[in-house]
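Here is a short set of exercises with worked solutions. Take a look at the model first, then work through the tasks at your own pace.

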Amino acid sequence: MFKSGFVTIIGRPNVGKSTLLNHLMGQKLSIVSNKPQTTRNNIQTIMTGEDYQLIFVDTPGLHKPRHKLGEYMVTVAQNSTKGVDLILFLTTPQGHIEKGDIHILEELKNTSVPIFLVLNKVDENTAENVAETLKQYGEYFKFKEIIPISALKGKNTDKLLELMKGTLPEGPKYYPEDMIADVQEKFIVSETIREKALRVLNEEVPHGIAVDVIQMKQDAKGMYHIEVDLLCEKDSHKGIIIGKSGQTLKRIGQYAREDIEKLLESRVNLKIWVKVRKEWRDNPNYLKELGYKLKK
Ligand SMILES: Nc1nc2c(ncn2[C@@H]2O[C@H](COP(=O)(O)OP(=O)(O)OP(=O)(O)O)[C@@H](O)[C@H]2O)c(=O)[nH]1
Ligand SMILES: [Mg+2]
């Protein structure tokens, strides 16, 4: 009997959803950073075994939105809990129930989809903290399973996978077995550049960044020529992104190129143009253009 199902990974920003997805898939498919609100779209990946297929959905962190981009992010994450076979609710050991989690669990109260509580980052927390958090969440909400893990160190993630397989209903092979993600190379390229910008830049600037791939083509020698617009919200941000004698932008480009070369398995010539789009995060036209639009 073949089993299959959709598993959505939800939780507050920065709890490690994308890290878990990458770890389960054994490769980097979703970008990760130490700043909240890194993931902006639902990212679907596919794991196929002998007799099962799991389709994971990584989602943007659930938070109180402050602009239209944020509203979009929260909507896609909320929509991801509908029509799936399992919800992984990720949180971290705080020793108490986080306020943001109360909102999320309130929304999930009436769903018939089974929910696992996945307590991540146990590697950087004390055993007491972990135990107390598990206890409090367990008393507050009826989870199908409760499991402490470290997505970063791969602790208990095999066990989590076994538990997930155990809940799968009988179902079809939704995707061919050699398919691992439903995103295009272009998307991974733009996300990689955004990830490096998040890494290199401080606080305020990175959240207002978007990357638009305007050209991506391969020449006769197999080298890729990629040109992107790196959009930011203010003239002052543009100055920060470029940096003194262009040093900051150069670093972003260098890190991104290294990763993209690995991804595409060929040499890459990457050109990044920094442009200002005032308040693009609140502009429906810009959002649509950049692919932040709800699928019908
Ligand atoms: N110590 C530790 N750090 C972790 C673990 N999992 C993730 N992190 C770190 O937590 C930060 C956030 O990880 P992400 O995977 O980007 O978190 P996310 O939930 O996808 O965040 P958003 O996309 O912003 O909602 C990164 O710096 C990760 O390296 C873990 O198990 N242990
Ligand atoms: Mg993420």
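Helices (H or I, at least four residues) and strands (E, at least two) are DSSP runs, numbered from the N terminus. This is a predicted model, in which local features need pLDDT of at least 70, side-chain atom pairs count only at pLDDT 80 or more, and totals for chains, interfaces and linings use all residues. Residues are numbered from 1 along each chain as its sequence is written, chains are lettered from A and ligands numbered from 1 in the order in which they are written, and side-chain values use heavy atoms, with hydrogens and water left out.

**Exercise 1. Positive phi**

Find where Glu 265 and Gln 37 lie, and look up the phi of each.

Solution. Start with Glu 265, which sits in the loop between α8 (247–264) and β9 (268–276). Its phi is positive, about 50°, although Glu 265 is not a glycine. Next, go to the loop between α1 and β2, where Gln 37 has its place. Gln 37 is not a glycine either, yet has a positive phi of about 60°.

**Exercise 2. Two domains**

Work out how the chain is divided into domains, and describe the contact between them.

Solution. First, take the bounds, which come from an automatic or database domain assignment: domain 1 covers 3–167 and domain 2 covers 185–289. Their C-alpha centres lie 28 Å apart. Contact means heavy atoms within 4.5 Å, and here 15 residues from domain 1 and 21 residues from domain 2 take part. Now turn to buried area, the accessible area (1.4 Å probe) that two parts lose on being put together, summed over both. Domain 1 and domain 2 bury about 1500 Å² between them, with 55% of it on carbon and sulfur atoms. On the domain 1 side, Ile 31, Lys 35 and Arg 40 lose the most area to domain 2, together 41% of what that side buries.

**Exercise 3. The sheet of six strands**

Give the strand order of the six-stranded open sheet, then place α1 on it.

Solution. Two strands pair if DSSP finds at least two bridges between them. With that rule, the order is β2-β3-β1-β4-β5-β6, and the pairing is mixed. The edges are β2 (43–48) and β6 (145–148), each of which pairs on one side only. From one strand to the next, the twist averages 20°. Look inside the sheet: β1 (residues 3–11) and β4 (residues 86–91) pair in the parallel sense over five bridges. Thr 8 has Ile 87 as its bridge partner in β4. For the angles, axes are lines fitted to C-alpha atoms, for helices over the stretch in contact, and angles run from 0 to 180 degrees between N-to-C directions. Helix α1 lies across β1, β2, β3 (52–58) and β4, and runs at about 155° to β3.

**Exercise 4. The sheet of three strands**

Which strands are at the edges of the three-stranded sheet, and which helices pack on it?

Solution. The three strands form an open sheet in the order β7-β8-β9, with mixed pairing. Its edge strands are β7 (210–218) and β9, each pairing on one side only. The twist averages 15° from one strand to the next. β8 (residues 224–232) and β9 run parallel and are joined by nine bridges; the partner of His 225 in β9 is Asn 269. Helix α6 (residues 185–200) packs on the sheet and touches β7, β8 and β9, its direction making about 130° with that of β7. Helix α7 (residues 235–242) also packs there, touching β8 and β9, with a direction at about 155° to that of β9.

**Exercise 5. A helix pair**

Why are α7 and α8 roughly perpendicular to each other, and which residues meet?

Solution. The axes of α7 and α8 are 4 Å apart, and the packing angle is about 65°. Angles under 35 degrees count as roughly parallel, over 145 as roughly antiparallel, 65 to 115 as roughly perpendicular and the rest as oblique. The two helices α7 and α8 are therefore roughly perpendicular. Ile 240, Ile 241 and Ile 242 of α7 meet Gln 247, Thr 248, Leu 249 and Ile 252 of α8.
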